Amino acid sequence: MNDVLQAYDAFLRNVLPEDYAGRTNHYRHDDRLRTDFQVAAFEAGWLVPDWEPGLGGQSLSAGDSLAVRIEGARRRVPVIHNVQGVGVVAPGLRRFGTPAQQDRLLRPVLRGDEWWALGMSEPGAGSDLASLRTQARRDGDRFIVNGSKIWTTQAKESRWATLYVRTDPEARRHAGISCLILDLQSPGVEVRPIRRAAESVDAFCEVFLDDVEIPVENLLGPLNGGWRVASESLEHERDMIWVNNWVEIAQVVDPSLRRTDLDDEEMTALGRLLADAEAVRFTGLRTVFERLEGNEPAEFFLLKLLGSEAAQRATRFAMETSGLAGLCEPQLMEDRIESLAATIYGGTSEVQRNIIGERVLGLPRDR
């Protein structure tokens with residue numbers, strides 16, 4: 001263990017309960033612990049280790065930062081409440097925000113003091129951002145916004161949203177989109193939670209926008225440059241996703257490695273899953289090394305699809321081979337349920353296949 005991981009280990013030992021390692025399933029529902037952990041990680045520079053001090057980091061190298069993320073995933077550190085705030089919004093603010101936007105918004109989102117929603121998916125368009133129809137019309141020093149969003153995670157609990165809107169209806173689908181910073185307490189905003197089968201802090205919502213006024217200074221990134229803002233912001237989330245997918249696959253199939261009652265078909269399936277996990281790991285590491293060399297590896301666009309679908313197969317395998325006993329394993333049940341969402345959040349598998357077709361294989365856009 002190098003010096004960085006030794007320091008991270010000391011931090012975890014200091015902030016987590018002594019019995020955390022043996023009771024991660026219990027503590028994953030401890031809201032107080034999750035809140036306190038995010039604040040402690042921010043203050044100590046472990047939240048985004050490669051960022052500068054004062055913004056949740058300590059300017060670690062990309063390699064050391066990745067090692068910290070992998071160690072955190074391996075030890076199942078508490079999941080922060082507003083994942084998209086740190087994973088998607090904060091990188092977008094840091095990359096495209098004005099100094100005033102960064103001064104006002106970055107620290108609260110990183111500490112978890114203010115939650116954010118992502119205003120991307122729409123009725124009739126799903127998570128296909130290029131098909132969005134919510135429009136913003138410039139009127140002096142403000143935008144007037146009309147439309148609606150759906151499947152907006154935590155909109156009810158959030159103060160802000162990155163709202164993707166069409167600001168040039170005559171432009172091509174991927175152009176003419178802008179990102180606005182929406183105060184969800186603004187007049188004309190209505191948030192309706194979507195009823196679910198079970199209670200969850202990650203509840204989905206519908207967001208309706210009726211002549212909502214947004215100041216021009218709340219434009220994030222260039223006018224009509226929202227596609228780039230979304231793409232570059234989501235790339236940060238996808239790096240976290242492949243690390244978590246790899247660790248999840250390895251952990252969920254680990255008990256099967258000691259079983260002696262698997263038949264030939266199950267052993268073959270297990271072998272394929274182990275190969276999937278290694279494929280995710282080596283492909284992910286290869287993309288990191290390529291980026292360190294200043295390249296933009298095409299393999300990066302494969303990781304979300306490969307990792308999320310492999311994680312689904314792994315949890316299904318574990319459930320099916322465990323029989324009735326699997327239904328009594330809370331950790332396995334939660335892993336299975338969460339894996340079902342993995343092919344939706346951060347861009348659905350269908351969207352990922354379109355991205356691979358267009359950006360890796362060079363095929364024409366779908367329409």
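## Cysteines, salt bridges and surface in a predicted model

Student: How far is the sulfur of C179 from the closest cysteine sulfur?

Tutor: Keep in mind that we're looking at a predicted model. The closest cysteine sulfur belongs to C205, and the gap is too far for a bond. C179 itself is buried, with a relative accessible area of 0%. From sulfur to sulfur, C179 and C205 are apart by 19 Å.

Student: OK, so how many disulfides does the count come to?

Tutor: A pair of cysteine sulfur atoms has to be within 2.5 Å to count as a disulfide. C179 can't make one, because its sulfur is too far from that of C205. For the model, the count of disulfides comes to zero.

Student: Is C328 buried or exposed?

Tutor: The cut-off for exposed is over 50% relative accessible area. C328 has a relative accessible area of 65%, so the label for C328 is exposed.

Student: Moving on to charges, which residue forms a salt bridge with R104?

Tutor: R104 lies in helix α6 (residues 99–111), and its partner is in the loop between α6 and β1 (116–119), so the pair ties together parts that are 10 residues apart in sequence. R104 is partly exposed at 37% relative accessibility, while the partner is buried at 15%. The closest N and O atoms are 3.0 Å apart, and the residue paired with R104 is E114.

Student: And how far along the helix is R316 from E320, in turns?

Tutor: These two form a salt bridge, with the closest N and O atoms 2.9 Å apart. An α-helix has 3.6 residues a turn, so residues three or four places apart point the same way. R316 is partly exposed at 48%, and E320 is exposed at 53%. Both sit in helix α9 (residues 300–322), four residues apart, so their separation is about one helical turn.

Student: How many salt bridges does the count come to?

Tutor: Side chains of opposite charge can pair when their charged atoms come close. Another example is R259 with D261, at 3.0 Å from N to O. There's also a network of salt bridges linking D9, R13, E71, R74 and R75. The count of salt bridges comes to 29.

Student: What about backbone oddities: where does W151 lie?

Tutor: W151 has a positive phi of about 55 degrees although it isn't a glycine. Q154 does something similar, with a positive phi of about 60 degrees, and Q154 is also placed between β3 and β4. W151 is partly exposed at 47% relative accessibility, whereas Q154 is buried at 0%. As for the place of W151, it's the loop between β3 (142–149) and β4 (160–166).

Student: How far apart are the end C-alpha atoms of α12?

Tutor: At 1.5 Å a residue, the 12 residues of α12 should span 16 Å. Buried residues in this helix include S349, I355 and E358. The modelled span agrees with the expected one, the end C-alpha atoms being apart by 15 Å.

Student: Last one: which residues make the nonpolar surface patch of about 330 Å²?

Tutor: One member is L363, found in the segment after α12 (349–360). L363 clears the over 30% cut-off for patches, since it is partly exposed with a relative accessible area of 49%. Also just after α12, G362 takes a positive phi of about 75 degrees. The residues making the patch are L302, V360, L361 and L363.

Technical notes: Residues numbered from 1 in each chain as written. Predicted model: local features only at pLDDT ≥ 70, side-chain atom pairs only at ≥ 80, totals over all residues. Heavy atoms only, no water. Patch = residues over 30% accessible without salt bridge, like charges linked within 9 Å, V, L, I, M, F, W, Y side chains within 5 Å. Areas by Shrake-Rupley, 256 points an atom, 1.4 Å probe, with all protein chains shown as cover. Salt bridge = Lys/Arg side-chain N within 4 Å of Asp/Glu carboxyl O. Helix = DSSP H or I, 4+ residues; strand = E, 2+ residues; numbered from the N terminus. Buried < 20%, exposed > 50% of the residue type's maximum accessible area, 1.4 Å probe, protein only. Expected span 1.5 Å × (residues − 1).
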